[in-house]
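The following exercises concern a predicted model. Each task is followed by a solution in steps.

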Amino acid sequence: MPKGCLVITVSGLAGSGTTTLCRNLAKHYGFKHIYAGLIFRQMAKEMGMTLQEFQEYAELHPEIDREVDRRQIEAAKECNVVIEGRLAGWMVKNADLKIWLDAPIMERAKRVARREGISVEEAFVQIAEREKGNRKRYLNLYGIDIEDKSIYDLIINTAKWGPDGVFAIVKAAIDHLYPDGDAGSEKS
């Protein structure tokens, strides 16, 4: 278990591997995993909408994003938490480590297609439309350009490493956040 109180954010676009990484971090370190995408999906379900319908609804109703973001910010007040969301790095300003995961859109479309049981072409179109809508919404709502990666401490192209490799890179970063370099060791 890491020393002290760690707050880590993991952001990235659809299919970049954020959920896999967060689950691995939560399991390894015993972190609580806060997932903005799940909150968003639950809200869509509560309103009886598909994810695409809710995405369009959210573009016209900024209170949706604000509620998701409020829950992320609130969660960051806890210790040893990993917060996953496209804007998590922007919302949780004082996170100990801000991570951005990326991969080329075709690789992400293949992953989403496998996960959702749809064609790669359909996944590609959905991702492209969703990202365009999200970018516009984030700019209008917060003045945040999701393409600005300057706030992140660590940016990883997940097309180059599988889940274990990505985890090893992030684990090394977490373990070296402290001067003695043993934050992840079991030693006291």
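**Exercise 1. The helix α4**

Determine how far α4 reaches and how its buried residues are arranged around the axis.

Solution.
- Step 1. Helix α4 consists of 14 residues, and 20 Å separate its first C-alpha from its last. This is close to the 20 Å expected at 1.5 Å a residue.
- Step 2. The buried residues of α4 are I64, D65, V68, D69, Q72 and A75.
- Step 3. Viewed down the axis of α4, these buried residues fall within an arc of 120 degrees, so they line one face of the helix.
- Step 4. The cover over the buried residues of α4 includes the strands β2 and β3. It also includes the helices α2 (36-46), α3 (51-60), α5 and α7 (120-142).

**Exercise 2. The strand β3 and its partners**

State which strands are joined to β3, and in which direction they run. Then decide whether the faces of β3 are covered.

Solution.
- Step 1. Strands β1 and β3 run parallel and are joined by four bridges. Within this pairing, V7 has V81 of β3 as its bridge partner.
- Step 2. Strand β2 (residues 32-35) is also parallel to β3, and four bridges join the two. Here Y35 stands opposite E84 in β3.
- Step 3. In a regular strand, side chains alternate between the two faces of the sheet.
- Step 4. In β3, V81 and I83 lie on one side, while V82 and E84 lie on the other. All of these residues are buried, and both faces of β3 are therefore covered.

**Exercise 3. The cysteines**

Identify the cysteines that form a disulfide, and explain which parts of the chain the bond ties together.

Solution.
- Step 1. A disulfide is a covalent bond between the sulfur atoms of two cysteines. The cut-off applied here is a sulfur pair within 2.5 Å.
- Step 2. The sulfur atoms of C5 and C79 are 2.3 Å apart, and the two residues form a disulfide. The count comes to one disulfide.
- Step 3. The torsion about the S-S bond of C5 and C79 is about -105 degrees, so this disulfide is left-handed.
- Step 4. C5 lies in the segment before β1 (7-12), and C79 lies in the loop between α4 (62-75) and β3 (81-84), so the bond ties together parts that are 74 residues apart in sequence.
- Step 5. Both cysteines are partly exposed: C5 has a relative accessible area of 34%, and C79 has one of 46%.
- Step 6. C22 is in no disulfide, and the nearest cysteine sulfur, that of C5, is 17 Å away. C22 is buried, with 0% relative accessibility.

**Exercise 4. Two loop residues**

Describe the surroundings of N80 and R86, the loops in which they lie, and whether they are buried or exposed.

Solution.
- Step 1. N80 belongs to the loop between α4 and β3. Its relative accessible area is 11%, so N80 is buried.
- Step 2. Most residues other than glycine have a negative phi. The phi of N80, however, is positive, near 50 degrees.
- Step 3. R86 is found in the loop between β3 and α5 (88-91). With a relative accessible area of 18%, R86 is buried.
- Step 4. Leaving aside residues up to four places away in sequence, R86 touches several residues, among them S11, G12, L13, A14, W100 and R130.
- Step 5. The C-alpha atoms of R86 and E131 are 10 Å apart in space, although the two residues are 45 residues apart in sequence.

Key: Residues numbered from 1 in each chain as written. Predicted model: local features only at pLDDT ≥ 70, side-chain atom pairs only at ≥ 80, totals over all residues. Heavy atoms only, no water. Buried < 20%, exposed > 50% of the residue type's maximum accessible area, 1.4 Å probe, protein only. Pairing = 2+ DSSP bridges. Contact = heavy atoms within 4.5 Å. Expected span 1.5 Å × (residues − 1). Arc of directions from axis to C-beta.
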